[in-house]
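Subject: Structure handover

Hello,

Here is the structure for you to look through. My notes on what was found follow below it.

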Amino acid sequence: MTYTVDKSWEEVFENRAFFKNDLNDIMKSVDEKIADGATVYPERENIFAAFNKTPPEKVRVVILGQDPYHEPHQANGLAFSVYNGVAMPPSLRNIFKELQADLGGGLRTDSDLSDWAEQGVLLLNSALTVVEHEANSMAGLWADFTDSVIEAVNGLDTPVVFVLWGNNARKKAKLITNEKHHIIESAHPSPLSASRGFFGSAPFSKVNAFLEQDGFEPINWNG
């Protein structure tokens with residue numbers, strides 16, 4: 001079974017040795033896990049949704065998550081996003097609370113973040129797949145791949161704002177060396193850490209300030 005990745009990302013992948021040599025091997029490992037009886041999220045056709053909705057030439061912001069939601073019907077291939085009609089996970093609920101506190105307006109209820117992706121926000125998880133009910137179960141499989149994605153975006157000439165929430169994401173800051181780019185860091189929006197620095201961090205207004213400083217349109221975060 002094949003997988004679909006936006007053609008312009010495929011060009012980026014093919015120009016970097018890791019992508020060219022190992023992406024097919026990663027997908028073989030995913031398929032072997034499924035063949036052994038595991039339920040893996042997101043559905044295979046959505047594993048690369050973040051890349052398909054946000055091609056490299058449109059990337060203005062990267063929000064880095066950990067791994068996909070591991071309960072049924074949640075993961076849709078975009079970090080922190082779930083399908084509309086699915087119960088909203090606590091982390092996403094906290095993101096929307098901070099969005100309202102930061103920018104005002106009503107509390108966002110649209111849990112599908114495709115509109116962010118289509119505006120140039122790459123919603124990238126450090127792992128692109130997960131076994132049902134087993135958080136971080138496939139993190140090792142994807143670690144080098146997603147590090148290479150960050151390095152590839154770091155190499156873009158266009159300024160990008162990297163949003164790193166939580167310790168796992170903040171460790172990736174060392175990969176962002178291009179002085180054109182901006183980094184926004186805080187605690188993770190999960191209930192365990194949101195009150196330790198995520199709430200009150202105003203990431204959405206900060207992102208938009210950087211974008212406007214660089215001559216780009218701000219993100220319409222409220223949809």
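The second largest cavity has a volume of about 30 Å³. Keep in mind throughout that this is a predicted model. Lining that cavity are Y41, P42, E43, E71, P72, H73, Q74 and A75. Sorted by class, these are four nonpolar, two polar and two charged residues.

In total, two cavities of 30 Å³ or more are present. The largest cavity encloses about 70 Å³. Its lining consists of P42, I47, A50, F51, P68, A75, G77, L78, L123, L124, N125 and L128. Ten of these residues are nonpolar and two are polar, with no charged residue in the lining. Two elements, α3 (49-53) and β3 (121-125), each give at least two residues to the lining of the largest cavity. The biggest share comes from β3, with three residues.

Strand β3 also belongs to a sheet. This is an open sheet of four strands in the order β3-β2-β5-β6, and the pairing is parallel. At its edges are β3 and β6 (182-186), each paired on one side only. On average, neighbouring strands of the sheet are turned by 20 degrees against each other, direction ignored.

Within the sheet, β2 (residues 61-65) and β5 (residues 161-165) pair in the parallel sense over four bridges. Here V62 is opposite F162 in β5.

One helix to look at alongside the sheet is α6 (residues 139-154), which lies across β2, β3 and β5. Helix α6 runs at about 155 degrees to β3.

Regards

Key. Residues numbered from 1 in each chain as written. Predicted model: local features only at pLDDT ≥ 70, side-chain atom pairs only at ≥ 80, totals over all residues. Heavy atoms only, no water. 1 Å grid on protein atoms, 1.4 Å probe; cavity = no way out; pocket = protein on both sides within 12 Å on 5 of 7 lines; lining within 4 Å. Points joined across faces, edges and corners; volume = space filled by probe spheres on them. Nonpolar A, V, L, I, M, F, W, Y, C, P; charged D, E, K, R; others polar. Pairing = 2+ DSSP bridges. Axes fitted to C-alpha atoms, helices over the stretch in contact; angles between N-to-C directions. Contact = heavy atoms within 4.5 Å.
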